[in-house]
Amino acid sequence: MEPTTNTPKRRGRTPKVARSKRVTIRSARELGALVRLARLRLDMTQTEAAICCGVGRRFYIELENGKTTLQLDKVLTVLDALGLNLALGGPAAAFTVEELSTACLKREPGEPEHVWEAEMSKSVEKPFKVVKETKPRRGRKNGQMEKKYAHEVNAVKVETVEVVKPKA
């Protein structure tokens with residue numbers, strides 16, 4: 001006769017495991033390691049992943065190995081194909097809806113309107129004080145785009161996140 005236990009049997013269910021929602025990446029090697037984890041989870045070889053992502057095998061291998069000088073648009077293509085995304089965070093990323101909607105983006109002819117996806121919260125502080133330039137400059141200021149792009153307004157897809165503080 002088998003020994004009995006007091007623990008209930010779960011029918012086909014595995015216990016829940018804590019999983020990350022976001023991972024902070026501080027180097028190309030860290031990004032490469034996470035891309036490798038995503039590929040291995042999909043049970044693919046590097047060659048299969050490169051074909052699936054629409055990039056060359058050499059590029060894909062260099063990405064997983066943490067090469068620091070890869071083309072960003074191709075990296076973003078690989079991340080998207082593997083179900084990953086890249087986001088900005090930190091104190092300087094505290095943009096308002098107005099700032100995002102007026103951010104100048106160059107668009108190619110026939111390209112659809114850009115939509116920013118952002119989590120917004122009222123508990124985020126201003127990132128820093130704006131320091132006015134005192135000496136006059138010629139031409140466009142640093143960071144400004146041509147005037148033909150300045151009038152365009154971008155759509156912003158907002159996900160509001162409210163932080164509830166526990167009562168003391």
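A disulfide here is a pair of cysteine sulfur atoms within 2.5 Å. Keep in mind that this is a predicted model, where local features need pLDDT of at least 70, side-chain atom pairs count only at pLDDT 80 or more, and totals for chains, interfaces and linings use all residues. Residues are numbered from 1 along each chain as its sequence is written, and side-chain values use heavy atoms, with hydrogens and water left out.

**Exercise 1.** Work out how many disulfides there are, and why Cys53 has no bond.

*Solution.* Step one: apply the cut-off, and the count comes to 0 disulfides. Step two: check Cys53, whose sulfur is 5.0 Å from the closest cysteine sulfur, in Cys52, so it's too far for a bond. Step three: look at accessibility (buried is under 20% relative accessible area, exposed over 50%, partly exposed in between, with a 1.4 Å probe and protein chains only). Cys53 sits at 6%, so it counts as buried, while Cys52, at 47%, counts as partly exposed.

**Exercise 2.** Find which residues of helix α4 are buried, and what they pack against.

*Solution.* First, get the helix: helices are DSSP runs (H or I, at least four residues), numbered from the N terminus, and α4 covers residues 72-81. Next, pick out its buried residues: Val75, Val78 and Leu79. Seen down the axis, they fall within an arc of 100° (taken from the directions from the helix axis to the C-beta atoms), so they line one face of α4. Over on the other side, Asp73 and Asp80 are exposed. Finally, using contact as heavy atoms within 4.5 Å, the buried residues pack against α1 (28-41), α2 (46-53) and α3 (57-64).

Note on methods: Helix = DSSP H or I, 4+ residues; strand = E, 2+ residues; numbered from the N terminus.
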